[in-house]
Amino acid sequence: MPSPKKRLEQLDIRFTPVRELIYNELEHADIALSLTDLETRLETVDKSSISRNLHLFMEAGIIHQIQDGSGIAKYAISYNSPDEPAETHAHFTCRSCGETICLEAHPLPPQPLPEGHVAEGYSLVIKGLCGDCARKRHAH
């Protein structure tokens, strides 16, 4: 995978220290992150800058947004090529702790659409208990 700088420059997006911080935080996170999560983790970056850059990254296909049913949008790095829909894999959301992860190893097959329709992404959210929450539940 190319460096954040190279990836942004390939998409004609100016590389800035703020964009690098946001990209790196998303890339190294084990879970999908909300705007609030990023604001907490990146104390030196204001919420409006994070929000603007998330929008820019989504438009460029660098990240994808996950609607996991919590009412809070979450974001994760997208590793698809530019000609693929933004989301083509399943996600898992823990109904206890609320963490959402991408299941990159579980690609979703393309779905047949009526003639003339073009998919821009599709998502499947599996809900249950993550390993930590399942262990805690069974320990009681």
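Start by selecting Ile63 and look across to strand 3, where Ile77 stands opposite. Strands here, like helices, are DSSP runs numbered from the N terminus (helices are H or I, at least four residues; strands are E, at least two). Before moving on, keep in mind that you are looking at a predicted model, in which local features need pLDDT of at least 70, side-chain atom pairs count only at pLDDT 80 or more, and totals for chains, interfaces and linings use all residues. Residues are numbered from 1 along each chain as its sequence is written, and side-chain values use heavy atoms, with hydrogens and water left out.

**The 1-3-2 sheet**

Now select strand 2 and strand 3 together: they pair in the antiparallel sense over four bridges. Two strands count as paired if DSSP finds at least two bridges between them. Add strand 1 and you have an open sheet of three strands, with antiparallel pairing and the order 1-3-2. Its edges are strand 1 (33-34) and strand 2 (63-66), each pairing on one side only.

Next, bring in the helices. Helix 2 lies across strand 1, strand 2 and strand 3, and runs at about 90 degrees to strand 3. Helix 4 (residues 47-60) lies across strand 2 and strand 3, at about 105 degrees to strand 2. The angles run from 0 to 180 degrees between N-to-C directions, with axes as lines fitted to C-alpha atoms, for helices over the stretch in contact; contact means heavy atoms within 4.5 Å.

**The 5-4-6 sheet**

Select strands 4, 5 and 6 for another open sheet of three strands, this one in the order 5-4-6 with mixed pairing. Strand 5 and strand 6 (124-128) are the edge strands, each pairing on one side only. From one strand to the next, the twist averages 30 degrees. Strand 4 (residues 89-94) and strand 6 run parallel, joined by five bridges. Pick Cys94 there and you'll find Gly128 of strand 6 opposite.

**Cys102**

What does Cys102, in strand 5, touch once you skip its neighbours within four places in sequence? Show His64, Ile66, Ala76, His89, Ala90 and His91: Cys102 is in contact with them. Cys102 is partly exposed, at 24% relative accessible area (buried is under 20%, exposed over 50%, partly exposed in between, with a 1.4 Å probe and protein chains only). For a distance label, try Cys102 to Ala32: 7.3 Å apart in space, C-alpha to C-alpha, and 70 residues apart in sequence.

**The second largest pocket**

Both of those residues line the second largest pocket, so add the others: Leu26, Glu27, Ala29, Asp30, Ile31, Ala76, Ile77, Tyr79, Ile101 and Glu104. A pocket is an open set of points on a 1 Å grid over the protein atoms alone, where a 1.4 Å probe fits, with protein on both sides within 12 Å along at least five of seven lines; lining residues have an atom within 4 Å of a point. Strand 5 gives the most to this lining, with three residues.

**Asp12**

Finish at Asp12, in the loop between helix 1 (4-10) and helix 2 (17-28). Is Asp12 buried or exposed? Exposed, because its relative accessibility is 75%. Check its phi too: near 60 degrees, a positive value in a residue other than glycine. Most residues other than glycine have a negative phi.

Zoom out to see five helices and six strands in the chain.
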